[in-house]
Amino acid sequence: MQVKLTTLSENTAGRVRLLAEWGLSILVEVDNYKVLLDTGLDMSAAYNAVVMGVDLHSVDRIVLSHGHRDHTGGFQRVMSVMRKRIEVIAHPDIWAAKYSRTFSRREQYAGPPFSREALEGWGVSFKFSKEPVWITDNIITTGEIPMQTEYEKIDPDLFVKEKGELLPDPLRDDLALIVKSDKGLIVVLGCGHRGMINTLHHAQKITGLEQIHMVIGGTHLIHASREQIDLTIAELRRLGVEKIGVSHCTGLKAAAILSQEFGDSFFFNNAGSVITI
Ligand SMILES: [Zn+2]
Ligand SMILES: [Zn+2]
């Protein structure tokens with residue numbers, strides 16, 4: 001079995017000529033079956049795919065990790081390069097009215113910049129599921145991730161608007177992709193809003209497999225306390241995770257600490273990274 005992970009969009013560019021853009025998009029290939037996890041914020045995923053010679057036309061499914069714009073906003077540009085009808089797997093709550101409080105402390109719409117109808121008009125058919133979806137025997141979505149650890153909490157600056165009122169967003173739509181590889185599980189995170197460790201535990205439960213080879217993607221440790229980072233590190237060690245490739249909303253501080261702790265097992269996963277397993 002061959003697994004290939006190509007990061008099309010991330011906050012930083014890891015190679016010359018690629019665009020950096022706050023957000024994430026990772027192409028997951030398992031023996032020629034291709035799943036695109038997220039589409040980035042705007043233009044970078046489609047642009048970088050062209051620069052890198054990645055053929056988006058051959059993508060078989062798109063999975064949206066959650067509704068936030070930095071993971072869904074590149075949809076139209078990706079579709080314009082993909083040029084085909086495609087099924088998109090997501091949790092129904094991607095359509096909740098999502099808001100965030102930005103650095104100006106003002107609320108700002110943070111959901112997809114397109115309506116469901118617009119996407120369907122471009123050739124998308126949706127498969128909504130709160131449960132895990134087995135896309136193939138070896139590629140599975142987590143579905144809704146139970147919040148179980150004490151130390152992983154939803155970011156308090158994220159909201160849904162209901163009847164004009166901002167309420168805490170439980171981010172029930174947050175999901176990850178799991179690949180069952182020969183070396184163990186590979187867990188590809190979008191933003192990790194429900195917690196990286198919660199996601200890894202859930203991946204083990206769904207698949208019935210203990211061994212985690214790699215975790216890659218956004219871990220949302222950007223606002224985490226030192227205590228949370230230390231507890232996360234302890235659990236990553238206990239789980240025996242062999243490779244840790246953080247991206248996006250991990251933040252520099254948490255990434256630097258993880259790099260110190262995990263040495264050669266750590267890598268910073270940015271736009272242009274290509275990993276084969
Ligand atoms: Zn998010
Ligand atoms: Zn994000």
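## Two zinc ions and two pockets

With angles of 88 to 155° among its four donor atoms, the zinc ion (ligand 2) has a site that is irregular. For four tetrahedral donors the ideal angle at a metal is 109.5 degrees. Four donors count as tetrahedral if all angles lie between 85 and 135 degrees, so the upper value of 155° at the zinc ion (ligand 2) rules that label out. The model described here is a predicted one, and one should bear in mind that water is not among the atoms, so sites may look incomplete.

Which protein atoms hold the zinc ion (ligand 2)? The donors are Asp 70 (OD), His 71 (NE2), Cys 191 (SG) and His 248 (NE2), and they lie 2.1 to 2.4 Å from the ion. Along the sequence these donor residues follow the spacing D-H-x119-C-x56-H. Asp 70 has a relative accessible area of 10% and is buried, and His 71, with a relative accessible area of 0%, is buried as well, because buried means under 20%.

The zinc ion (ligand 1) and the zinc ion (ligand 2) are separated by 3.7 Å. For the zinc ion (ligand 1), the protein donors are His 66 (NE2), His 68 (ND1) and His 193 (NE2), at 2.1 to 2.2 Å from the ion, and their spacing along the chain is H-x1-H-x124-H. Distant parts of the chain are linked here, since His 66 sits in the loop between β4 (61-63) and α2, while His 193 sits in the loop between β13 (184-189) and α5 (196-207), 127 residues apart. His 66 is buried, with a relative accessible area of 0%, and His 193, at 4% relative accessibility, also counts as buried.

From the metal ions we can turn to the pockets. The largest pocket has a volume of about 620 Å³ and is lined by 21 residues, among which Trp 22, Asp 70, Ser 100, Thr 102 and Leu 158 lie nearest its centre. Asp 70 is therefore a residue to look at twice, because it lies among those nearest the centre of this pocket and is also a donor of the zinc ion (ligand 2). At least two lining residues come from each of α2 (69-72), β6 (98-101) and β7 (107-109), and the lining as a whole divides into nine nonpolar, seven polar and five charged residues.

The second largest pocket holds about 220 Å³ of space. Its lining consists of 18 residues, of which Lys 153, Asp 155, His 220, Ala 224 and Gln 228 lie nearest the centre, and by class this lining has five nonpolar, nine polar and four charged residues.

Methods:
Residues numbered from 1 in each chain as written. Chains lettered and ligands numbered in written order. Predicted model: local features only at pLDDT ≥ 70, side-chain atom pairs only at ≥ 80, totals over all residues. Heavy atoms only, no water. 1 Å grid on protein atoms, 1.4 Å probe; cavity = no way out; pocket = protein on both sides within 12 Å on 5 of 7 lines; lining within 4 Å. Points joined across faces, edges and corners; volume = space filled by probe spheres on them. Helix = DSSP H or I, 4+ residues; strand = E, 2+ residues; numbered from the N terminus. Nonpolar A, V, L, I, M, F, W, Y, C, P; charged D, E, K, R; others polar. Donors = N, O, S within 2.8 Å, 3.2 Å for Na, K, Ca; no water. Buried < 20%, exposed > 50% of the residue type's maximum accessible area, 1.4 Å probe, protein only. Tetrahedral: all angles 85-135°; square planar, octahedral: opposite > 155°, others 65-115°.
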